Amino acid sequence: MKKLLSLLLAGLLVFLAITAFKTPTSSVIANTPAADTLQYPEETHFKNIQQLTFGGDNAEAYFSYDGKYLIFQRTNAKDGIACDQMFIGKVPANGEKFDYKLVSTGKGRTTCGFFTKDGKHVIYASTHLGSADCPPVPDRSKYGNKYIWPLYASFDIFMADLDGKIVKQLTKSAGYDAEATLSPDGSKMIYTSVKDGDIELYMMDLKSGKEKRITHTLGYDGGAWFSPDGKKIIWRASRPQTEAAIKEYKNLLAENLVAPTSMEVWVANADGSNARQVTAYGQANWAPAFMPDSKRIIFASNHEYKRGFPFNLYTIHEDGTNLQKISRDKGFDAFPMFSPNGKKFVFCSNRNNGGTRDTNVFIADWEE
């Protein structure tokens with residue numbers, strides 16, 4: 001997702017991060033100054049919108065299973081946070097201030113946090129075993145100034161308690177392991193790894209540690225989520241088709257890099273069967289999640305703009321019909337997630353940032 005900022009100013013596409021991604025995105029999200037607007041008149045689904053964070057790059061905010069807490073990643077040099085770290089905070093009631101605390105180690109870079117079913121632990125990916133320092137960002141001038149995202153080999157997925165104590169290391173492969181979310185019953189983790197030579201999705205049973213590879217097609221597969229009913233999964237994927245595109249993809253992957261500027265939304269059964277493409281708009285269609293009915297989808301996209309910016313939020317039916325634009329920010333809106341009861345909605349945006357490039361977390365009541 002984090003997530004992963006000045007790139008769009010250079011004419012490049014915004015994409016993850018995060019990085020859910022659920023990805024490592026916030027540290028490279030390219031933001032341009034937006035008007036100081038909390039909500040646009042066309043955003044009729046948003047009610048009682050509230051800005052939760054102020055300053056820095058805040059992304060991938062996701063609800064706990066009971067809907068009472070949020071976990072998100074944050075970078076803010078002014079606060080001494082040089083690259084993404086994980087924070088948790090209680091969802092404020094009646095417009096109260098959103099207070100949050102560090103739950104990662106404060107070392108390396110972290111991304112893609114998620115609460116466990118018991119509400120007593122979180123999972124996230126971190127590079128801290130590789131180094132206590134923030135890992136270096138790629139020199140994009142070597143690649144024609146394309147938007148390049150690093151697949152840090154030192155990323156592994158960890159489980160920690162709410163005081164930040166790591167209680168378990170969930171992945172130990174030699175390469176990139178990140179972008180993890182959990183099933184509605186809390187028993188399974190879906191995540192992205194390069195352990196078999198490509199960027200694929202894997203499903204792990206948390207109790208036994210047994211896992212299964214879910215995707216098998218050349219290209220990037222990441223940022224996966226389960227549907228609320230647990231029967232399906234949704235993710236973003238790139239599928240290089242031409243000989244030149246395949247060669248570029250493989251060359252970058254050999255250097256632990258990927259250029260995620262062309263993404264589409266895919267869905268499948270929870271076991272990976274019946275995989276099918278939902279969107280075909282071109283450019284970057286990503287950060288998808290099922291809506292509370294497990295039938296409709298919400299995602300971020302820049303497909304309306306040839307320059308690759310801005311990014312807005314859209315809803316669409318699982319069969320690819322009935323596309324609806326639901327956000328109108330002139331900058332960057334992404335990382336949408338509904339609360340477990342479907343009543344609240346959280347997303348990240350660079351709206352209302354005082355003319356800076358800050359990205360912040362916003363919450364609203366959802367109205368159909």
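What follows is a conversation between a colleague and a modeller about the predicted structure shown above.

Modeller: This is a predicted model, in which local features need pLDDT of at least 70 and side-chain atom pairs count only at pLDDT 80 or more, while totals for chains, interfaces and linings use all residues. Residues are numbered from 1 along each chain as its sequence is written, and side-chain values use heavy atoms, with hydrogens and water left out.

Colleague: How many disulfides does a search of the whole structure find, and which cysteines form a disulfide?

Modeller: A disulfide is taken here as a pair of cysteine sulfur atoms within 2.5 Å. A search of the whole structure finds one. Its sulfur atoms are 2.2 Å apart, and the link is formed by C83 and C134.

Colleague: Which parts of the chain does that pair tie together, and how many residues apart in sequence are they?

Modeller: Helices (H or I, at least four residues) and strands (E, at least two) are DSSP runs, numbered from the N terminus. C83 lies in strand 4 (residues 81-90), whereas C134 lies in the loop between strand 7 (121-126) and strand 8 (149-150), so the disulfide ties together parts whose separation in sequence is 51 residues.

Colleague: Is C83 buried or exposed?

Modeller: Buried means under 20% relative accessible area, exposed over 50%, and partly exposed in between, with a 1.4 Å probe and protein chains only. C134 has a relative accessible area of 33% and is partly exposed. For C83 the relative accessible area is 2%, so C83 is buried.

Colleague: Which cysteine sulfur is the nearest to that of C112?

Modeller: C112 is in no disulfide, and with a relative accessible area of 1% this residue is buried. The nearest cysteine sulfur is 12 Å away and belongs to C348.

Colleague: Which residues have the most contacts inside the largest nonpolar core?

Modeller: A nonpolar core is a set of buried Ala, Val, Leu, Ile, Met, Phe, Trp, Tyr and Cys residues joined through side-chain atoms within 4.5 Å. The largest one has 83 residues, and strand 26 (residues 360-366) gives the most to this core, with five residues. Those with the most contacts inside the core are I123, M189, W286 and F335.

Colleague: Which residues does a second, separate core include?

Modeller: This second core is separate from the largest one and has 11 residues. Among them are I214, F226, I233 and W266.

Colleague: Which residues of helix 1 are buried, and where do they fall around the helix?

Modeller: Helix 1 (residues 243-254) has 12 residues and reaches 17 Å from its first C-alpha to its last, close to the 16 Å expected at 1.5 Å a residue, the expected span being 1.5 Å times one less than the number of residues. Its buried residues are Y249, L252 and L253. Seen down the axis, these fall within an arc of 100 degrees (that of the directions from the helix axis to the C-beta atoms), so they line one face of the helix.

Colleague: Which residues are exposed on the other side of helix 1?

Modeller: The buried residues of helix 1 pack against strand 17 (257-258). On the other side, the exposed residues are E243, A244, K247 and A254.

Colleague: Which backbone nitrogen lies 3.1 Å from a polar atom of the side chain of S294?

Modeller: S294 sits in the loop between strand 20 (285-290) and strand 21 (296-301), and is buried, with a relative accessible area of 3%. The backbone nitrogen at 3.1 Å from a polar atom of its side chain is that of D229.

Terms used. Contact means heavy atoms within 4.5 Å. A polar contact is a pair of N or O atoms within 3.5 Å; within protein, one must be able to donate a hydrogen and the other to accept it, and residues adjacent in sequence count only if both atoms are side-chain atoms.
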